[in-house]
Amino acid sequence: MEVKGDKMKVTYKERKGWHYSKLEKSKFPFVYLIVALPVIQIALFFFYVNLSSFALSFTNSVGEWSLESYKKVINAFVSGEDHLGFSLHELIGKSMIIWVVNHVIGFSISILTSFILTKHMIGSKIFRIIYHIPGIVGGVVFIGVMKEMFSSSGVVVSMLESLGVDLPINIRKYGLLGYEQTAFWCVMAEQLIRSMAGGNMIMAGAYMRIPNEIFESAQLEGCGIVREAFQIAMPCIWPTISTMLIFALCSFFTADCGMYLYSDGTGKFGMTSVGYYLYRFNVALTIASSGDHIYGYVSAFGLFMTLLTLPVVFIGRKLLAKFQENVEF
Amino acid sequence: MNIKKKLNSALLKWKNLSLFEKIFLTSFFIYFVVEAVLQFYPFVWVFNNSIKTPDEFNYATNKSLLTTTWAFSNYINVFSEFVIYGNISYFTMLWNSIWQTFLYLFVNLLASMLVAYALAKFRFPGRGLLYGIMIFTQIVPIVGTGAASYKLRYELGMINNPATIWFYWMNGFDYSAFIMFGTFLGISKSYSESAEIDGANEWQILGRVVFPQILPLIIALAVNNFVARWNDYATAQISLNKFPSLAYGLYLFQQNSNWSKSGKVIYYAALLMTALPGVLLYVVFQNLIIKNVSVGGIKG
């Protein structure tokens, strides 16, 4: 800061916050050393990968510069079917259903249930452990278990049979996941149960951090449980809710929902989604000489989906920020 | 005594509730019980079938809840009979899961801690840019870069290469860094400043002053990430398919098994054995995870 007479002149560096004290400068080598490897990692595996993906999207099946991949993607969107025989309209429609089931229904319910569970329910610890089991055991184990439940010899088919439901021969033979009309909806039912329980972990943590004194004083003033939930607890954890909603918007087209595992990697019987579609390509790339020609198409498809998702995320963020209140407790 | 006290206070609370609130809470209690049964019963079913002898297990009888044979030997047989690719045993897959999980946890949490510490506690040119990157990577949805990422890893020789895969996992700008950043901001600078006055250098301050303060968070994140990594089949399928982990092994076993009677009970036992470490860790550390791992608002 330069002082001329009684006027102080603030330099450009100071205004921008780029002025550093000697002590701060002495710590630069340490700081740059500790962030060096993570910065190289992110530069390579985020920025370079994204640029490379962008460049690949302008190549054809033999790797030459071309708009062929984009033409294929646009044709696939217009006609509803890609050059590999997948129905893109079905994939996008199913991704939307998955998103609604997981985030609109499942997550919304878990916001309320986790409040009741954390603040008003006896035995909440036991419930919490049970609800987190699907998340803890992971996709392969949980889906492995659920596939047995939906199989022809599983509990669900047995229950339906004992209730006298006349099941089609394919269900009796291959189970509910082996029949076009039931497979996707069985996965959705399982997803709904899982997402209702899964949201509890993060929500419970947020609710537990609200001091009990807030609720106690509200109760003394005659506040009931419903008002407590909607007018005290939820506004208090709104930053957590809005952040989770932003993350949810980001996963619009990437959620696979175990479709790959449920369908044994084939997407059969309508068990598909955009996430499944993209993962399937990644697996194809790992098989030598079978996937090289799809780099361009996959990258163009990904970029196209990103362009579709970006406005949704940014509008969503703006809207959520409008309702954001800074709550301190 | 403590339980009696809690029960008494719960009873007192219950008495003070209005009729509407009593009905409201009772409905939720029923909902919680039904949800718990729906979540837990499949595992009881699988456990029950995992302790049947191959002879007892068949499609006509496996609907019964309780077994009469209690063949716990199936759990020992997993080590010899759960085999994929013709020669990779459960032991090998277990070892692969262990090294992949712990290597990932070490490099990922170390990178996250260093980035979060630098961003939260120091002013330096580029700080704003790095903070922006951390936020950007969290909230901007980029779809379909798997192909380009695979191509890069392939070109760098990271596919099926345990010696280099660690660098791919060294992401210091992910969810863990985001959470650690918030925690570092909340830690008072006075501890580090006192240590500095006492002559400690930056490494000593980080290792002896700062690290112990965020250790509970690191343990919570480690348990959380352990569960995710232990169950991750995708990395093993795409990047390390010559080193199959248990999660990938379960997928392959289920795919390739001809489902002999013995294969099915062994598969059930292997499913539960694979799930056990995560469940035990969660049960032990659940309070630590809930208290430490939280998502706040995103600013920027």
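These notebook entries record what I looked up in a predicted model of chains A and B.

**Entry 1: extent of the interface**

I began with the contact between the two chains. I found that 110 residues of chain A and 106 residues of chain B take part in the contact. I then looked up the buried area, which comes to about 9,600 Å² between chain A and chain B. Carbon and sulfur atoms give 73% of that area. On the chain A side, I noted that A:Phe30, A:Phe45 and A:Ile136 lose the most area to chain B. Together these three residues account for 7% of what that side buries.

**Entry 2: polar pairs and salt bridges across the interface**

I next turned to the polar side of the interface. I recorded 15 residue pairs in polar contact across chain A and chain B, with both residues of each pair at pLDDT 80 or more. Helix 3 of chain A, residues 28-56, gives the most to the side of chain A that touches chain B, supplying 23 residues. I sorted the residues of that side by class and obtained 70 nonpolar, 28 polar and 12 charged.

For salt bridges, I found four between chain A and chain B. In one, B:Lys264 pairs with A:Glu148, and the closest N and O atoms are 3.2 Å apart. Over all chains, the count comes to 11 salt bridges.

I also examined the salt bridge of B:Arg123 with A:Glu24, where the closest N and O atoms are 3.0 Å apart. Where do the two partners, B:Arg123 and A:Glu24, lie? I located B:Arg123 in the loop between helix 4 (90-121) and helix 5 (127-139) of chain B, and A:Glu24 in helix 2 (residues 22-26) of chain A, so this pair joins two chains.

**Entry 3: the largest pocket**

I then looked up the largest pocket, which holds about 1,200 Å³ of space. I counted 29 residues in its lining. Nearest the centre of the pocket I found A:Lys119, A:His120, A:Met121, A:Ile122 and B:Lys13.

Which helices each supply at least two residues of the lining of the largest pocket? From chain A, I listed helix 5 (88-120), helix 6 (124-150) and helix 10 (212-220). From chain B, I listed helix 1 (2-15) and helix 2 (19-50). Helix 1 of chain B gives the most to the lining, with eight residues. By class, I recorded the lining of this pocket as 13 nonpolar, nine polar and seven charged residues.

Key. Residues numbered from 1 in each chain as written. Chains lettered and ligands numbered in written order. Predicted model: local features only at pLDDT ≥ 70, side-chain atom pairs only at ≥ 80, totals over all residues. Heavy atoms only, no water. Contact = heavy atoms within 4.5 Å. Buried area = accessible area lost by both parts, 1.4 Å probe. Salt bridge = Lys/Arg side-chain N within 4 Å of Asp/Glu carboxyl O. Polar contact = N/O pair within 3.5 Å; in protein donor to acceptor, adjacent residues only side chain to side chain. Helix = DSSP H or I, 4+ residues; strand = E, 2+ residues; numbered from the N terminus. Nonpolar A, V, L, I, M, F, W, Y, C, P; charged D, E, K, R; others polar. 1 Å grid on protein atoms, 1.4 Å probe; cavity = no way out; pocket = protein on both sides within 12 Å on 5 of 7 lines; lining within 4 Å. Points joined across faces, edges and corners; volume = space filled by probe spheres on them.
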